[in-house]
Structures are given as structure tokens and as C-alpha cells.
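Here are some worked exercises on pockets, domains and strands. Have a look at the model first, then try each task before you read its solution.

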Amino acid sequence: MGKIVKRLMLDDIYAIGRNESWFSGMASKGLHLKKFGRLFVYFEKGEPKETKYRIDYLKEAPSQEQLDVYQDCGWNFIAKSGLFYVFSADEKSCATELHTDPIEQGFSLTELNKKLRNNIIILSIAMLLFLGIMISVYYFNDEPFLFMIKGQFVQQILLVIVELYVFYSVIRNYKVVRDLKQSLLQGKEINHNEDYRKARLLGGILAGIFLPLAFCTIIIPFVDIAKSKDYTLPEGNTNLPIIRLAEIEKDPNLMRETSYNGNNVDWANRVSFNWSLLAPVQYEINEHGIVNGEMWGDKSGVYSPSITTRYYKLTFGNMADNLTLDLINRYVWRDNAEVKDVNHPEFDKLYMAEDGIRKQIFAYLDNQVIHVTYYGKERIEDVLPQLAQKMIFYQE
Amino acid sequence: MSYLGGPMTEAMYYILLALVNPNHGYQLMAAIEQVSNERIKMGPGTLYGVLTRLQKDNLIEILNDDGRRKTYAITEEGRAALKAEYERLKDMIQDGRILEG
């Protein structure tokens, strides 16, 4: 047996004349059809031979008797894919043409034509639903930028593009079969030597664009899962772009307060890292403390301050402003809580919101966005220079 | 596409005609050549395409299937359709008489 050579299908399987012509072209180069599917076609290397190929659409699997009759007429069964069967004959043999009545051949495509039309109807409905969901998710979302950055926005856009390509392919398939059927019903035979180069080139270009996109669509969620990680915040110094509780609380009695421990991670003192194409570095970091012997101002219990930092390093710095506004919208709950626009030389933009013991900072610097929520009695303004420093340091 | 009367394709007409005598696919092509006075050499793809269609439309039936070969025969319905087509063709020949100088 000769070496097997694999080629991409590139053209529509429904383009019968073009594929027949392509198989013949390959055979004359010594590559003889062995097997074919939607994506790949396999050829066996051998002596160049002038061979004619015919693709027959058979609604029912042919019986041995039928294959024998075909063979008696000079046509050898080579391969099948779905309901498409390929037969070949030596160019020089005087095999009776496989189909001698184009109108009858046209009838045989009626069901396929109907099936492809139904595919279009079903896919159209699915596409409308899909696009509707995609648009409404962003359109009716109060924080579209936050959603975009945290969610799989890029992947969703890729998915839309890939879906559109599939949709286009289904329509093109339908058109190819419809045109073929109509031309057969008018008594025109299939052109077995139709030029296949242009269609294969175009198919190649489209596949070159869409196959990698489809691959990305599949791979992105896995990268996301592989890159995200949770771990307990170390008690000592870290390189993380955060302000530690100890930097705000002056009391030397401050101790860490631990809580639910799952997967060896202390959920009250947790670093959660995430990745997305639009924000390749995302942190959500919690820290809880307790000062034994000290009470909250309202005497409701032992003083237990906490701090949560959300940090985003964006791919596109010009999304920073919108993301900051979305964060404010998301995390400033009370309508009457005042959000102050603070002028600070070390940030591009800085907002502060205070609601009793709940104090928040929203800020961005270049492509870095930070949101700090502090529950406690101390002033948060004092740590702003340190925060800016940490962001600059983290950037480097 | 089921047959609703009206003009038949040449392939359909001759296959029905040849199946007035029950036959199997193997010899059917030869029988068609014979019945058409060697005017028609039908391709095997067309033959089996039409057989599948006619069977679905109940114009022909399988008399016998021994696993190796199937014997087809025309049904009453098929015979009636063939007869109607024959009458139509006869009328057409009749109408064409004016051409015979």
C-alpha cells in the first residue's frame, strides 16, 4: 500500500462536479482517493492515472447487487461520506455513464434539498435566539464593562463570528444543492470537469480564518480555568497590589480572623486570581482581622475590620474609566451615599465613597483599576499614597 | 418527488416497460436495451435511482429478495400509470402525423 496523503476538504461536499474534477486532478498526479469526510480527504500515493470519478447521492445504502451492477458497468466503489458515494472508472474504459438521465438525478436531490432548507430554518431561529441573548446580556446589563471584563466577552464575540460562519455555510450548501437540482431538472448534466481551483482557494482562505477562531473559542475557557487560582493570603509581605489591614489599623493587637476553610483556602483571607483576554490580571483579595479587647463604636461586638481589594490590569487602558464607573455602580449600594471625585496627583482618577464604617476607593492609573472596600473605624485617605506606589510597583 | 401522473422521464417509462416481465437489476439494463431496440443504454446510477423512486411510489414492488438479488415487478398501479402514459404518447404521435408529408 502506498503512503496516505491527507488534504483538507475546503470545498462544499455538495459541489459534486467540482469535487469529481478535483479527485481526477489528484489522480493524474498519482494521488488516488481512498477515504473522505467533511473535513479531510485521504489519498493513496501511486502511479499517475487518468481516472474519472462520480459522486452519487444514494438515499439508501446500496446493496451488494447494486454495487456489482455498477462494477459490471465499469464503476468501482471507492469511498463514502454520509449519503455521498464515490465511484471511479479508468478514463480510457468505455464505462456507461453512471447517470444518463439528468432529470431523474435531479429528482434524487429533492429530499436533500428539503433537508438543507429545514436546516436553514432551524438554524435561523437558533441564530436569532443566540444573537438576542448576546445583545440583551450586554444591552440590559447595568455594568456592561465589568461584565465584559470578568466574563468571556472575547470568547463570546468569537463564538458569534464562528456561528455566523456556520450560518453562511449552511446557506451556501443549500444554494449549491438547489442550483444543482434546478439545472439537472432542466436537463443539464453535471459538469464533471468543473474548475475546482477557485472554490478550493476561497474555501482555504475562509477555513484559514475561521478554523483558528473556532479553536480559540474552544481553548479560551480552558486557559481561563487553568490560569485561575485561589490561595490563602500570606500573613507576611506580598507583592500584591493591595493595602494590608495592618497598614490601616494601628493597633498592635490586630490578629487575623480566619473563617470557613475549603480546599485548604481560608475564605476570609483569600487571594483569588482570574484571567480574561480583556483583563489578563484580575485579583479579588480578602483580609479579615480582629482586635481582642476592642469593641465596635456601637458596642455591637468585638472590633473586626476587613478589607477587600479588586484589582484589574486591562489589555486596553481606555476601558479603565468605564470599568471604574461600573464598579461604582455595582458596589455603592445606597442611592444617597455620596461618591466624591477626589483630585489626587498619583492617580488618573480617584473616587471615594463613605457610608458609615464602609469606606471605598475606586481608582485607575493607566491600565490598572482598583477598588478597595474597607470596613473599620480608621481613615482610609491616609493610605492613598501607599496604594498608588503599590500599583506603580506592580505595573513594573 | 412522488409521481402524480403526467409525462414520465424516458428512464422511468422504459424501466416500467421492462418490468412488465419481472426481472432483477442485473438483467434489467440489458432488458431495457432490448425493449428500446438498443436505443437506450441506461447508466446504473439512473437505473437504481429510478428503481428506488418507483418502489417508494408503489409503481413497482419487490417480488423476491434472496439476499443476493432482488426481483422487481410492476404493480397494478404501475401498470395503470404506464398505460396512461402510453395513451398520452400515442396521442402525441397521432397529433404529429401532420409532419408526415
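**Exercise 1: The largest pocket**

Task: find which element gives the most to the lining of the largest pocket.

Solution. Step one: H6(A) gives the most to this lining, with seven residues. Helices are DSSP runs of H or I with at least four residues, strands are runs of E with at least two, and both are numbered from the N terminus. Before going on, please note that this is a predicted model, in which local features need pLDDT of at least 70 and side-chain atom pairs count only at pLDDT 80 or more, while totals for chains, interfaces and linings use all residues. Residues are numbered from 1 along each chain as its sequence is written, chains are lettered from A and ligands numbered from 1 in the order in which they are written, and side-chain values use heavy atoms, with hydrogens and water left out.

Step two: the volume of the largest pocket is about 550 Å³. On a 1 Å grid over the protein atoms alone, a pocket is an open set of points with protein on both sides within 12 Å along at least five of seven lines, a cavity is a set where a 1.4 Å probe fits but cannot get out, and lining residues have an atom within 4 Å of a point. Points are joined across faces, edges and corners, and a volume is the space filled by probe spheres set on them.

Step three: 22 residues line the largest pocket, and those closest to its centre are Arg38(A), Leu39(A), Tyr165(A), Ser169(A) and Arg172(A). Helix H6 (153-185) and helix H7 (197-227) of chain A are the elements that give two or more residues to this lining.

Step four: sort the lining by class, which gives 15 nonpolar, three polar and four charged residues. Here Ala, Val, Leu, Ile, Met, Phe, Trp, Tyr, Cys and Pro count as nonpolar, Asp, Glu, Lys and Arg as charged, and the others, Gly among them, as polar.

**Exercise 2: The second largest pocket**

Task: work out which residues are the closest to the centre of the second largest pocket.

Solution. Start with the volume of this pocket, about 350 Å³. Of its 26 lining residues, Glu60(A), Gln66(A), Tyr48(B), Gly49(B) and Thr52(B) are the closest to the centre. Next, look at the source of the lining: H3(B) supplies the largest share, nine residues. Finally, the classes are nine nonpolar, 10 polar and seven charged.

**Exercise 3: Two domains of chain A**

Task: describe how domain 1 and domain 2 of chain A meet.

Solution. First, set the bounds: chain A is divided into domain 1 (4-99), domain 2 (108-189 + 196-224) and domain 3 (229-395), with bounds from an automatic or database domain assignment. The centres of domain 1 and domain 2, taken over C-alpha atoms, are 28 Å apart. Then turn to contacts (heavy atoms within 4.5 Å): 16 residues of domain 1 touch 17 residues of domain 2.

Last comes the area. About 1,600 Å² is buried between these two domains, with 63% from carbon and sulfur atoms; buried area is the accessible area (1.4 Å probe) that two parts lose on being put together, summed over both. On the domain 1 side, Leu10(A), Tyr14(A) and Tyr57(A) lose the most area to domain 2, together 41% of what that side buries. The largest pocket also draws on both, with at least three lining residues from each of domain 1 and domain 2.

**Exercise 4: The sheet of chain B**

Task: why is one side of S1 and of S2 in chain B left without a neighbour in the sheet?

Solution. Begin with the elements: chain B has four helices and three strands, in the order α-β-α-α-β-β-α from the N terminus. The three strands form an open antiparallel sheet ordered S1-S3-S2, where pairing takes at least two DSSP bridges between two strands. Strand S1 (23-24) and strand S2 (60-65) are at the edges with a single partner strand each, so one side of each has no neighbour in the sheet. To finish, check one pair: five bridges join S2(B) to S3(B), and Asp65(B) stands opposite Lys70(B) in S3(B).
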